Amino acid sequence: MIRITKIFTFETAHVLYNYDGKCKNMHGHSYKLFVTVKGKPINDMENPKNGMVVDFGDIKTIVKSEIVDVWDHAVLLNALSPHKELGEDLEEKGHKVIYCSFQPTCENMLYAIAAKIKSKLPADISLAYLKLHETENSYGEWFAEDN
Ligand SMILES: Nc1nc2c(c(=O)[nH]1)N=C([C@H](O)[C@H](O)COP(=O)(O)OP(=O)(O)OP(=O)(O)O)CN2
Ligand SMILES: [Zn+2]
């Protein structure tokens with residue numbers, strides 16, 4: 001088994017409802033996401049993907065369409081809180097709003113990212129690990145063996 005990793009960045013705003021610190025205010029991060037998948041490299045001279053667990057380009061396509069293109073330059077808010085109305089107001093004024101069914105912390109974003117990626121991976125490839133940096137010094141990790 002081999003693990004391969006692709007790294008993504010996206011610029012996203014979020015706001016933490018009822019949080020007791022500065023992040024209760026709407027603010028943004030340059031998120032950095034590490035996506036690691038595992039599988040056996042293809043061993044077939046006739047296959048154009050010979051030697052690969054999966055083409056890095058295929059991971060890019062999945063993560064871009066499921067996460068990066070959806071969350072980039074959007075604001076994530078907790079739709080189960082009064083921030084839903086804040087989102088509706090912003091949307092009305094032309095802003096890109098993502099309504100989450102969770103508090104948009106690094107931890108919950110990792111759960112959402114894992115679910116979205118897992119649903120799109122080919123059967124013989126599995127999601128092994130995710131790392132999501134909110135800042136250079138703050139990040140969360142998702143391990144397949146813990147979940
Ligand atoms: N466990 C978590 N704690 C915090 C989260 C989170 O998602 N999970 N999020 C925030 C804020 O949104 C934001 O990320 C600020 O975090 P923090 O590391 O405290 O921010 P700094 O600006 O101090 O970051 P430095 O990199 O140290 O400059 C808060 N907590
Ligand atoms: Zn934040």
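Here is a friendly conversation about how some features of this predicted model get their labels.

User: What is the overall make-up of the protein?

Analyst: The protein has three helices and six strands. From the N terminus on, these elements run β-β-α-β-α-β-α-β-β. Along its principal axes, the C-alpha trace spans about 55 × 30 × 25 Å.

User: Why is N18 called exposed?

Analyst: A residue counts as exposed if 12 or fewer other C-beta atoms lie within 10 Å of its own. N18 has 10 such atoms within 10 Å, so N18 is exposed. You will find N18 in the loop between β1 and β2. Its phi is near 70 degrees, a positive value in a residue other than glycine.

User: What makes H73 count as exposed?

Analyst: H73 has 12 C-beta neighbours inside 10 Å. The limit is 12 or fewer, so H73 counts as exposed. H73 sits in the loop between α1 and β3, and its phi is near 55 degrees, again a positive value in a residue other than glycine.

User: Why is A144 called partly exposed?

Analyst: A144 has 15 other C-beta atoms within 10 Å. Exposed residues have 12 or fewer and buried ones 20 or more, so A144, with 15, falls in between and is partly exposed. This residue lies in the segment after β6.

User: Which residues does A144 touch, leaving out those up to four places away in sequence?

Analyst: A144 touches S126, L127, A128 and Y129. As for H14, which is 130 residues from A144 along the chain, the two C-alpha atoms are separated by 26 Å.

User: How do you know that the length of helix α1 agrees with what is expected?

Analyst: Helix α1 covers residues 56–71, which is 16 residues. At 1.5 Å a residue, α1 should span 22 Å. Its end C-alpha atoms are 21 Å apart, so the two values agree.

User: Where does α1 bend, and by how much?

Analyst: The bend is at K64 and comes to about 55 degrees.

User: Which residues of α1 are buried, and what covers them?

Analyst: The buried residues of α1 are I59, I62, V63, I67 and W71. What covers them includes β1 (2–14), β2 (27–39), β3 (75–78), β4 (97–100) and α3 (106–118). In the protein as a whole, buried residues make up 20% of the 147 residues.

User: What makes β5 and β6 a pair?

Analyst: Two strands pair if there are at least two bridges between them. Strand β5 (residues 126–135) and strand β6 (residues 138–143) have six bridges, so β5 and β6 pair, and they do so in the antiparallel sense. One of the bridges has T135 with S138 of β6 as its partner. A hairpin joins β5 to β6 through two residues.

User: Which residues are around ligand 1?

Analyst: Around ligand 1 are L16, C23, T105, C106, E107, E134, T135, E136, N137 and S138. Two elements, α3 and β5, each supply at least two residues of this shell.

User: How do you know that the shell around ligand 1 has three charged residues?

Analyst: Glu is among the residues that count as charged. The shell includes E107, E134 and E136, so these are its three charged residues. By class, the shell also has three nonpolar and four polar residues.

User: What share of the contacts join residues at least 24 apart?

Analyst: Among contacts between residues at least 6 apart in sequence, 57% join residues at least 24 apart.

How values were computed:
Residues numbered from 1 in each chain as written. Chains lettered and ligands numbered in written order. Predicted model: local features only at pLDDT ≥ 70, side-chain atom pairs only at ≥ 80, totals over all residues. Helix = DSSP H or I, 4+ residues; strand = E, 2+ residues; numbered from the N terminus. Expected span 1.5 Å × (residues − 1). Bend = angle between axes of the 7 residues up to and from the residue. Contact = placed C-beta atoms within 7 Å. Near = placed C-beta within 6 Å.
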